[in-house]
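The exercises below are meant to be worked with the coordinates open, each task being followed by a solution that goes step by step.

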Amino acid sequence: VGYKALAANVSDIAAMGGAPKHALVSVSVPPSWGPQRTQAFYDGLYACADRYGVAVIGGDTTASPRHLAVAVTLTGTVEAGGALRRDGARPGEFVFLTGPVGLSAGGLYGMLPASGGKRPRPPERLVRAHRRPVPSVRAGRLLAENGWGSALNDVSDGLASEAWEIAEASGVRLALRETALPLSGELAAYASDCRIDPLEWMLYGGEDYVLLGTAKREHEKAIKDAFRAQGLPFFVVGETEAGAAGVVLDRADGNRMALAKRGFNHFAKG
């Protein structure tokens with residue numbers, strides 16, 4: 001929990017091409033949490049801070065009557081005028097991902113209790129993807145430092161939802177290709193065991209914290225070469241088109257379908 005609370009914020013900084021710097025952490029601890037459990041929370045938080053060069057410079061610690069409550073505020077820096085926003089995509093660009101999607105959703109599915117029987121045990125990679133996500137800070141910095149990205153977002157609430165955010169902010173249509181979406185072999189096998197279409201987790205699961213973005217075609221080779229040199233994954237998964245803002249998926253069978261604007265909603269009831 002401590003690691004992930006900070007990692008989610010680190011990913012928000014990465015989504016604008018920034019470098020994370022300083023964190024303020026406020027924690028309200030319930031009576032049921034003893035010293036060891038509280039220490040474990042901070043161990044996880046500082047493990048994430050050390051990994052991404054974040055200095056925890058303050059915050060607040062209070063008591064809570066029942067539940068643990070955590071609030072993290074993170075600052076970051078980016079070159080003046082170099083922040084990558086959601087509104088920079090233009091028609092005729094390519095759409096990319098900086099890693100596979102759906103792993104976290106698959107891991108969470110396997111860890112949650114089943115209502116009608118026991119679920120298959122998820123692979124360790126999927127569990128780790130959910131518990132210890134890896135924000136794409138270096139990928140975001142490469143795009144910002146070189147002026148390659150036109151729009152950028154992180155996949156926290158689901159690929160479809162994040163694509164819609166770019167489409168609406170930029171006034172373009174994002175056309176994703178099903179055959180180009182990075183599907184992990186472990187995710188595919190586990191989804192098959194669970195009798196679930198892995199595309200559901202990939203499009204609507206969220207909490208992958210990879211980056212979704214757009215860039216001009218003229219930069220494609222340079223970006224691919226730079227990512228390869230850094231040992232970073234990079235996948236071209238679609239194109240931007242002129243037209244009403246929206247997101248579509250070109251299926252493997254040749255049909256095109258509109259993607260619903262859904263994913264995790266922080267304010268949904270139920």
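**Exercise 1. Find the closest N and O atoms of the salt bridge between Glu239 and Arg217, and state which parts of the chain the pair ties together.**

Solution. The model is a predicted one, and in it Glu239 forms a salt bridge with Arg217, with the closest N and O atoms 3.6 Å apart. Since the criterion asks for a side-chain nitrogen of Lys or Arg within 4 Å of a carboxyl oxygen of Asp or Glu, the pair qualifies at 3.6 Å. Next, place the two partners: Glu239 lies in strand 8 (residues 235-241), whereas Arg217 lies in the loop between strand 7 (211-215) and helix 9 (220-229), so the bridge ties together parts that are 22 residues apart in sequence. Turning to accessibility, Glu239 is partly exposed with a relative accessible area of 22%, and Arg217 is partly exposed as well, with 36%.

**Exercise 2. Determine which acidic residues form salt bridges with Arg256, and which residues are joined into one network by salt bridges that share partners.**

Solution. Begin with Glu241, which forms a salt bridge with Arg256 whose closest N and O atoms are 3.1 Å apart. This pair links distant parts of the chain, with Glu241 in strand 8 and Arg256 in strand 10, 15 residues apart. Then take Asp250, whose side chain meets that of Arg256 in a salt bridge of 2.6 Å, N to O. Arg256 counts as partly exposed at 42% relative accessibility, and Asp250 counts as partly exposed at 22%. Finally, follow the shared partners elsewhere: Arg177, Arg217, Glu220, Lys224 and Glu239 are joined into one network. A search of the whole structure finds 18 salt bridges.

**Exercise 3. Describe the surroundings of Asn255.**

Solution. Asn255 sits in the loop between strand 9 (246-250) and strand 10 (256-258), and at 48% relative accessibility it counts as partly exposed. When neighbours within four places in sequence are left aside, Asn255 is in contact with Leu249 and Asp250; of these, Asp250 has already appeared as a salt-bridge partner of Arg256.

**Exercise 4. Check the span of helix 2 against its number of residues, and work out where its buried residues lie around the axis.**

Solution. Helix 2 (residues 35-51) has 17 residues, which at 1.5 Å a residue should span 24 Å, and its end C-alpha atoms are indeed 24 Å apart. The buried residues of helix 2 are Thr38, Phe41, Gly44, Leu45, Cys48 and Ala49. They cover an arc of only 140 degrees around the axis, which puts them on the same side of helix 2. An α-helix has 3.6 residues a turn, so residues three or four places apart point the same way. The face turned away from the buried side carries the exposed residues Pro35, Gln36, Asp50 and Arg51. The cover over the buried residues includes helix 1 (2-14), strand 1 (19-29), strand 2 (55-63) and strand 3 (69-77). As one example, Thr38 is buried with a relative accessible area of 19%, and, not counting residues up to four places away in sequence, Thr38 touches Val29 and Trp33.

**Exercise 5. Compare the radius of gyration of the protein chain with the value that the globule rule gives.**

Solution. First list the secondary structure, which comes to nine helices and ten strands. The radius of gyration is 19 Å, close to the 18 Å that the globule rule gives for 270 residues, so the chain is as compact as a globular protein of that length. Buried residues make up 48% of the 270 residues.

Definitions and conventions:
Residues numbered from 1 in each chain as written. Predicted model: local features only at pLDDT ≥ 70, side-chain atom pairs only at ≥ 80, totals over all residues. Heavy atoms only, no water. Helix = DSSP H or I, 4+ residues; strand = E, 2+ residues; numbered from the N terminus. Expected span 1.5 Å × (residues − 1). Buried < 20%, exposed > 50% of the residue type's maximum accessible area, 1.4 Å probe, protein only. Arc of directions from axis to C-beta. Contact = heavy atoms within 4.5 Å. Rg over C-alpha atoms; globule rule 2.2 N^0.38 Å.
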